[in-house]
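Got a few "how do you know?" questions about strands and pairing? Let's go through them one by one.

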Amino acid sequence: MTTLPIESQKTAQIRFTLNGEETDVFFASYKTLLEVLREDLGHTGTKHGCELGECGACAVLLDGKAVLSCLVLALECGGKQVLTVEKLHPLQDAFADLGAAQCGYCTPAILVTAKALLDQNPHPSRDQIREAISGNLCRCTGYLQIFEAVEAAVLKIAEQKNSGV
Ligand code: FES
Ligand code: FES
């Protein structure tokens with residue numbers, strides 16, 4: 001069996017919007033969105049965990065909805081909007097301030113999942129936050145700091161809105 005050089009495996013191409021920017025990418029057609037983001041676009045903020053849809057570390061927003069990028073074929077993403085943790089949001093400051101990111105492995109996925117929640121529901125209850133991130137495993141924080149950080153971000157976003165930022 002002949003192994004093709006990596007570049008010649010890039011037989012697929014899509015154009016999509018990545019963190020607000022129109023982006024063209026060539027890649028091997030079998031790749032997942034997670035692999036294309038990390039390996040072909042150098043966006044390593046999105047983490048690589050189980051690749052089985054179980055740990056939640058790879059979550060990104062696809063057309064505003066949190067998805068597990070290890071389970072999405074990149075070929076399915078043509079014309080869509082993808083948002084990753086590289087796009088800054090007040091949630092990130094709150095996570096840093098409140099110790100909601102410790103080893104940080106789960107953090108990118110939890111941030112984008114929390115952003116999807118706040119986009120849909122700007123004032124979630126603690127139970128709604130818990131439910132929203134229930135698919136994201138965190139082995140470090142015990143989750144309390146994460147819930148508090150999401151609640152702190154809610155206040156911060158409201159303050160920014162009131163001050164016209
Ligand atoms: S890498 Fe674990 S759910 Fe995608
Ligand atoms: S901060 Fe380490 S797994 Fe969540």
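**Strands and their partners**

Q: What makes strand 1 and strand 2 (residues 21-27) a pair?
A: Two strands pair if DSSP finds at least two bridges between them. Strand 1 and strand 2 have 7, running antiparallel, with Val 25 of strand 2 as the bridge partner of Ile 14. By the way, this is a predicted model, where local features need pLDDT of at least 70, side-chain atom pairs count only at pLDDT 80 or more, and totals for chains, interfaces and linings use all residues. Residues are numbered from 1 along each chain as its sequence is written, chains are lettered from A and ligands numbered from 1 in the order in which they are written, and side-chain values use heavy atoms, leaving out hydrogens and water.

Q: What counts as a strand here?
A: A DSSP run of E with at least two residues, numbered from the N terminus.

Q: What sits between strand 1 and strand 2 in their hairpin?
A: There are 2 residues between them, and Asn 19 in the turn has a positive phi of about 50 degrees.

Q: Why is strand 1 (residues 12-18) called largely enclosed?
A: Buried means under 20% relative accessible area (exposed is over 50%, partly exposed in between; 1.4 Å probe, protein chains only). In strand 1, 5 of the 7 residues are buried, so the rest of the structure largely encloses it.

Q: Which residues show that both faces of strand 3 (residues 59-62) are covered?
A: Ala 59 and Leu 61 on one side, Val 60 and Leu 62 on the other: all are buried.

Key. Helix = DSSP H or I, 4+ residues; strand = E, 2+ residues; numbered from the N terminus.
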